[in-house]
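Q: Got a minute to go through this one with me? I'd like a quick tour.
A: Sure, here it is.

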Amino acid sequence: MIEFHYNTDFSLENEQKFVDWLSTVIDSEGGTLSQIDYVFCSDEEVLEMNKKYLNHDTYTDILTFDYTGGKLIAGDIFISVDRVKDNAHEFNISFEEEILRVMAHGVLHLFGFKDKSEDEVALMRSKENEKIKLFHVEQ
């Protein structure tokens with residue numbers, strides 16, 4: 001099950017379209033969906049969690065809490081809508097594309113993909129782009 005929670009004035013239009021896409025993303029990586037909760041919130045909320053749980057005093061666009069066991073995919077994914085808006089502007093892309101990228105990024109973390117080294121970041125970006133294309137197929 002995939003659920004969306006909103007702690008900000010942002011909300012997804014046509015949630016089922018996103019559920020279908022994310023299910024396709026999970027299938028494409030050979031996983032089985034258990035439970036993923038997306039929480040869309042503010043910079044401040046994500047910053048506080050980053051400090052509390054990771055001891056990082058920095059803003060970030062996403063925090064992923066991984067409860068995956070084997071191929072059974074589960075987690076809580078917190079997304080800063082403020083950061084996504086800023087990043088979209090900075091990278092000169094649409095907010096919609098950036099929100100897809102971040103949503104895919106969280107699922108990829110649940111599959112064990114990392115983004116600390118240059119090689120990991122390159123693989124993560126490639127996978128994000130691959131998964132974004134799946135959304136457009138679903139339309």
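**Helix 4 and the overall fold**

A: Start with helix 4, which is mostly covered: 13 of its 16 residues are buried. Keep in mind that this is a predicted model.

Q: Where is helix 4 in the sequence, and what does it reach from its first C-alpha to its last?
A: Helix 4 takes in residues 95–110. From first C-alpha to last it reaches 23 Å, close to the 22 Å expected at 1.5 Å a residue.

Q: And what follows helix 4?
A: Gly-112 follows helix 4. The phi of Gly-112 is positive, near 95°.

Q: Zooming out, how many helices and strands are there in the protein?
A: There are five helices and four strands. Along the sequence, the pattern reads β-α-β-α-β-β-α-α-α.

Q: Why call it as compact as a globular protein of that length?
A: The radius of gyration is 14 Å, and the globule rule gives 14 Å for 139 residues, so the protein is as compact as a globular protein of that length. The C-alpha atoms fill a box of roughly 35 × 30 × 30 Å along the principal axes.

Q: What share of the 139 residues counts as buried?
A: For the protein, that figure is 42%.

Q: What about contacts between residues 24 or more positions apart?
A: Those make up 63% of the contacts with a separation of 6 or more.

Q: Switching to the surface: what's the accessible area, and how much belongs to carbon and sulfur?
A: The accessible surface is about 7,500 Å². Carbon and sulfur atoms account for 48% of that surface.

Q: Last one, charges: how many positive and negative?
A: The protein has 13 positive and 29 negative charges. Their mean positions lie 4 Å apart.

Conventions: Residues numbered from 1 in each chain as written. Predicted model: local features only at pLDDT ≥ 70, side-chain atom pairs only at ≥ 80, totals over all residues. Heavy atoms only, no water. Helix = DSSP H or I, 4+ residues; strand = E, 2+ residues; numbered from the N terminus. Rg over C-alpha atoms; globule rule 2.2 N^0.38 Å. Buried < 20%, exposed > 50% of the residue type's maximum accessible area, 1.4 Å probe, protein only. Contact = heavy atoms within 4.5 Å. Areas by Shrake-Rupley, 256 points an atom, 1.4 Å probe, with all protein chains shown as cover. Lys, Arg positive; Asp, Glu negative; His and termini not counted. Charge placed at Lys NZ, Arg CZ, Asp CG, Glu CD. Expected span 1.5 Å × (residues − 1).
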